[in-house]
Amino acid sequence: MVTTITRNSEGSGKVGLVLSGGGARGPLQVGVYERLLRDPRFADGPQVLSGTSAGALNAAMISAGFTPSEMMDFWYGLADDPPVVASARFFRSLFQTLLKISARELIDFPRRLPSDALRLMQRARWYWPPQLGSLSALIMDFLLTSRFDLVSELLEGIQEPFLVDTGRLRDRLVKLFGGTRIPNKRRVAINAVDIHTGKVVRYVTGPVPAVPASEYVVVPAISVDMLVASASIPLLFSPVPIGTRLLWDGGLLVNTPLAPAVALGADQIITVLVTEQCRTGNLARFGRAIERTADSFLENAYNVDRMLLLDRNRLSHIEGSPYREVKLYEALRPAHDRALFSAGSYLNFQRGTMQAMYAAGQRAATDWLAQGPPVDRLDARQDVARSAASSY
């Protein structure tokens with residue numbers, strides 16, 4: 001079924017734009033936004049924005065009134081001068097721990113030789129006859145099955161919980177927005193995850209109805225620190241302290257945050273995903289397996305939120321229901337492009353790749369608009385727990 005994006009003078013039809021996380025695929029969302037603005041049905045843009053990670057950065061720029069061209073200038077700036085610095089402490093402690101383990105194992109070698117040699121020979125039968133790569137595979141096998149204590153000790157010895165410091169990214173954002181607070185021209189929600197509790201934290205710039213108070217934090221304006229926290233990929237980037245919380249990338253749990261868009265008053269929601277349309281076939285390469293693993297995490301987060309909202313819509317038609325129906329359009333996502341969407345595309349901040357992502361977003365939006373755009377509806381055959389809808 002297809003329909004049109006609608007508004008009226010009484011304020012109904014308030015459009016919400018939900019932008020998923022996706023790292024260096026963020027420019028794809030800018031291409032989508034630029035194409036939507038050229039459509040009469042979306043010319044005024046969204047009144048509500050909700051984003052995670054790269055989507056949070058884009059949502060903040062849209063909320064502040066940036067044009068698509070200005071948004072791409074930011075993304076190109078990441079390509080031309082990456083605002084991150086690898087942690088010297090991480091690698092220093094890594095090599096110090098490795099040397100310590102090596103020295104101890106060398107001293108202890110005579111004592112452990114009989115038992116380790118026996119275990120190694122037992123595992124070696126699976127790698128005979130030898131071929132290129134067999135020795136490396138055997139050593140990895142031995143470490144994982146017989147001496148995982150060494151791997152664990154090495155990881156515990158690294159005196160830094162991240163690879164890259166994002167301090168320069170924060171400085172870049174402060175300069176971009178002219179301060180530590182982002183100007184609010186539209187209602188916006190930025191989503192992150194509390195490292196210690198594992199709970200979602202949603203920073204919103206408007207009042208919200210009766211929802212789990214522990215999740216929603218109403219603020220007068222989104223801050224640069226909230227953006228950096230939402231975009232801090234676990235293990236890769238440094239976590240961000242805000243108040244008593246220590247926060248990481250919201251994509252861990254809420255990569256496509258529909259709930260806050262509803263809470264902020266959206267009557268219809270457009271969701272922009274950076275994962276490709278579904279495809280079939282075997283995984284022939286490790287890189288493709290990595291990419292599909294990342295995609296699966298992001299897709300699952302969206303499917304959970306999608307089903308909750310659609311089931312909530314069904315409940316809204318019951319007499320006395322506390323819910324209102326919110327029109328959800330089918331997710332706007334790019335077509336399959338093996339050359340562009342590779343295992344490294346989530347972190348490929350090269351200018352050429354960003355230009356290609358931007359163009360892919362424009363094409364995806366053009367195709368989506370040509371379909372109506374299509375409205376998403378719950379399949380009556382699917383059994384969804386009714387109580388789950390209360391999270392909205």
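Buried residues make up 49% of the 392 residues in this protein, and the model you have open is a predicted one. Start with the whole chain in view. The C-alpha trace spans about 85 × 50 × 45 Å along its principal axes. Colour by secondary structure and you should find twelve helices and eleven strands. If you switch on the surface, about 19,300 Å² is exposed, and carbon and sulfur atoms supply 59% of that area. One more overall figure concerns the contacts between residues at least 6 apart in sequence: 77% of them join residues at least 24 apart.

**Stop 1: strand β1**

Select residues 15-19, which form strand β1. How many of the five residues of this strand are buried? Five of the five are, so β1 is largely enclosed by the rest of the structure. In a regular strand, side chains alternate between the two faces of the sheet. Here both faces are covered: V15, L17 and L19 are buried on one side, and G16 and V18 are buried on the other.

Now add the two strands that pair with β1. Show residues 268-272, strand β10, which runs parallel to β1 and is joined to it by five bridges. To see one of the pairings, pick V18 and T271, its bridge partner in β10. Then show residues 48-52, strand β2, which also pairs with β1 in the parallel sense, over four bridges. For this pairing, pick L19 and G51, its bridge partner in β2.

**Stop 2: T205 in its loop**

Next, go to T205. You will find this residue in the loop between β6 (200-204) and β7 (216-218). Is T205 buried or exposed? Its relative accessible area is 16%, and buried means under 20%, so T205 counts as buried.

Show what surrounds T205. Beyond its neighbours within four places in sequence, the residues in contact with T205 are N184, R186, R187, V188, V219, A221 and I222. Zoom in on V188 from that list: its backbone nitrogen lies 3.0 Å from a polar atom of the T205 side chain. Keep I222 selected too, as the next stop uses it.

**Stop 3: R351 and helix α12**

From I222, draw a distance line between its C-alpha atom and that of R351. The two residues are 129 apart along the chain, and their C-alpha atoms are separated by 28 Å. R351 belongs to helix α12 (residues 351-370). With 34% relative accessibility, R351 counts as partly exposed.

Which residues does R351 touch, not counting those up to four places away in sequence? They are Y76, A79 and D80. Show the side chains of R351 and D80 as sticks, and look for the polar contact of 2.6 Å that joins them.

**Stop 4: a nonpolar patch**

Turn the surface back on and select F91, F95 and L98. Together these residues make a nonpolar surface patch of about 280 Å². Click on L98, which lies in helix α4 (residues 88-107). Its relative accessible area is 40%, so L98 is partly exposed.

**Stop 5: salt bridges**

Finish with the charged side chains. How many salt bridges does the structure hold? There are 21. A few are worth selecting one at a time.

- R38 and E34: the closest N and O atoms of this salt bridge are 2.9 Å apart. E34 has 16% relative accessibility and counts as buried.
- R111 and D108: their side chains meet in a salt bridge, at 2.7 Å from N to O. R111 is exposed, with a relative accessible area of 59%.
- R104 and E105: this salt bridge has an N to O distance of 3.2 Å. R104 is partly exposed, with a relative accessible area of 35%, whereas E105, at 19% relative accessibility, counts as buried.

Stay on R104 and E105 and widen the selection to take in R112, D116, R147, D149 and E153. These seven names, R104, E105, R112, D116, R147, D149 and E153, are linked in a network of salt bridges. Show their side chains as sticks to follow the network, and that is the end of the tour.

Definitions and conventions. Residues are numbered from 1 along each chain as its sequence is written. This is a predicted model: local features need pLDDT of at least 70, side-chain atom pairs count only at pLDDT 80 or more; totals for chains, interfaces and linings use all residues. Side-chain values use heavy atoms; hydrogens and water are left out. Buried means under 20% relative accessible area, exposed over 50%, partly exposed in between (1.4 Å probe, protein chains only). A polar contact is a pair of N or O atoms within 3.5 Å; within protein, one must be able to donate a hydrogen and the other to accept it, and residues adjacent in sequence count only if both atoms are side-chain atoms. Contact means heavy atoms within 4.5 Å. Patches are made of residues with over 30% relative accessible area and no salt bridge: like charges are joined within 9 Å, nonpolar side chains (Val, Leu, Ile, Met, Phe, Trp, Tyr) within 5 Å. Accessible areas come from the Shrake-Rupley method with a 1.4 Å probe; for residues, only the protein chains shown count as cover. A salt bridge is a side-chain nitrogen of Lys or Arg within 4 Å of a carboxyl oxygen of Asp or Glu. Two strands pair if DSSP finds at least two bridges between them.
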